[in-house]
Amino acid sequence: MTIATVAKAARVSRQTVSNVLNAPHMVREETRARVREAITALGYRANQAARQMRTGRSRLIAVRIEPTRDGVNGSVLDRFLHGLTESAEGAGYRVMLYTAADAPAEIEAYDQLLGAYELDAFVLTGTDHGDPRTAWLAERDVPFVTFGRPWSDPAEAGRDGRGALPAGHPWVDVDNGAGVAQATQRLLDNGHRRIGFIGWPVGSGVGDDRRSGWARTLRSAGLDPTGLDRQAPDGFDQGEAAARDLLAHGEPPTAIVCASDSLALGALRAVRVPGPGWSPGAGPEIAVTGFDDTPVAQAIGLTSVSQPLARAAACCVELLTDVLDRDTARTGSGAPRHVLLRPSLVVRQSG
């Protein structure tokens, strides 16, 4: 069984069959479908070793599995990885997974993986200020794309910590600030005027962006956010402690927006269970909003901001296809592309 056999059955050229196998983005959808039907009917299997020798590529990309945290927000990366694997398969690539505890360990993993396998590229997740991983790969001319934009230095960031968007490499990201702004604006439209925020400690690119969405939305409405935000590491207990502190000092907020569903779940516990300085009957019911729209949020009725993770994964594969199949990054025939996706608010019972 050869490519010529498949081409004859599908009524296309041998080059078209080769493109479907090696660069499917170059072929129209209806033609791809016809060729794949012929491949399935004939039982054709491409010789991967021969293909690698011919193209000089393994069609293998690698991505890190992040350490398990609280079992809630970790599901976000799980959904992204599932979408990445599906999109990569559709483009003729396979995904290799690896683990690393932090950025230095991940760089060490790059070195080991590149020495042991003929990897075509990496997909990086969880970018931050001055990310050393992107510099390491760029210096060695290793193709990569990031799920997460490059962040400017915090000292150079604009008002509310919202930094510029450098354009040094291909990246896909979700507009976190816009997502939190959408959640905050909805609460304003519902009559809330004291809207608190619980986020991660200052210095996280994503966390600072989410905080800025809250702060600038309040300022645009003529409201002062001073004293209404708290910082906490991601987790249930940390979110509860931050919410209780927010409720116990000064006039309590009537709504709280959180940087993650984990923090929001802790905040929900704080507003529903009596504690020092606050009890549920001490004032109106407090609305709580999370971020990431995890399965737990869906199960308990938590209003949350949802990221388009399947779309983000597909865009990452598309950018890698540009780099690898069209070779734009190496030849300078095209600038690195960037995609910023808008999240959506899912309203439920929590307010």
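Buried means under 20% relative accessible area, exposed means over 50%, and partly exposed is what lies in between, with a 1.4 Å probe and protein chains only. The model is predicted, so that local features need pLDDT of at least 70 and side-chain atom pairs count only at pLDDT 80 or more, while totals for chains, interfaces and linings use all residues. Residues are numbered from 1 along each chain as its sequence is written, and side-chain values use heavy atoms, with hydrogens and water left out.

**Exercise 1. Determine how many disulfides the protein has, and describe the surroundings of C315 and C316.**

Step 1. A disulfide is a pair of cysteine sulfur atoms within 2.5 Å, and by this rule the count is zero.

Step 2. For C315, which is in no disulfide, the nearest cysteine sulfur belongs to C316 and is 7.3 Å away. Seen from the other side, C316 is likewise in no disulfide, and the nearest cysteine sulfur is that of C315, 7.3 Å away.

Step 3. Now apply the opening definition: C316 has a relative accessible area of 0% and is therefore buried, and C315, at 2% relative accessibility, counts as buried because of that value.

**Exercise 2. Find the strand order of the open sheet with parallel pairing, and say which helices lie on this sheet.**

Step 1. Helices (H or I, at least four residues) and strands (E, at least two) are DSSP runs, numbered from the N terminus, and two strands pair if DSSP finds at least two bridges between them. As background, strands of a sheet pair through backbone hydrogen bonds, either parallel or antiparallel.

Step 2. The six strands of this open sheet follow the order β2-β1-β3-β4-β5-β11, and their pairing is parallel. At the edges stand β2 (94–99) and β11 (338–341), each of which has a single partner strand, so one side of each is left without a neighbour in the sheet.

Step 3. Angles run from 0 to 180 degrees between N-to-C directions, and axes are lines fitted to C-alpha atoms, for helices over the stretch in contact. On average, neighbouring strands of this sheet are turned by 20° against each other, direction ignored.

Step 4. To look at one pair, take β1 (residues 60–65) and β2, which pair in the parallel sense over six bridges; within this pair, I61 stands opposite V95 in β2.

Step 5. With contact meaning heavy atoms within 4.5 Å, helix α5 (residues 74–90) packs on the sheet and touches β1, β2, β3 (121–125) and β4 (144–147), its direction making about 175° with that of β1. Helix α6 (residues 103–116) lies across β1, β2 and β3 and runs at about 130° to β2.

**Exercise 3. Describe the open sheet whose pairing is mixed, with its edges and the helices that lie across it.**

Step 1. Six strands form this sheet in the order β7-β6-β8-β9-β10-β12. Its edges are β7 (229–231) and β12 (344–346), and because each has a single partner strand, one side of each is left without a neighbour in the sheet.

Step 2. Strand β6 (residues 195–199) pairs with β7 in the parallel sense over three bridges, and G199 stands opposite Q231 in β7.

Step 3. Helix α8 (residues 176–189) lies across β6, β8 (255–258), β9 (287–291), β10 (303–306) and β12, and runs at about 165° to β9. Helix α10 (residues 236–248) lies across β6, β7 and β8, with an angle of about 150° to β6.

**Exercise 4. Work out how the buried residues of helix α1 are placed, and what is notable about phi of R11.**

Step 1. In α1 (residues 3–10), the residues V6, A7 and A10 are buried. They cover an arc of only 100° around the axis (the arc being that of the directions from the helix axis to the C-beta atoms), which puts them on the same side of α1.

Step 2. These buried residues of α1 pack against α2 (14–22) and α3 (29–42).

Step 3. Most residues other than glycine have a negative phi. R11, in the loop between α1 and α2, has a positive phi near 60°, although R11 is a residue other than glycine, and at 64% relative accessibility R11 counts as exposed.

Step 4. For comparison, D293 has a positive phi of about 50° and is not a glycine; D293 lies in the loop between β9 and α12 (295–300) and, at 7% relative accessibility, counts as buried.
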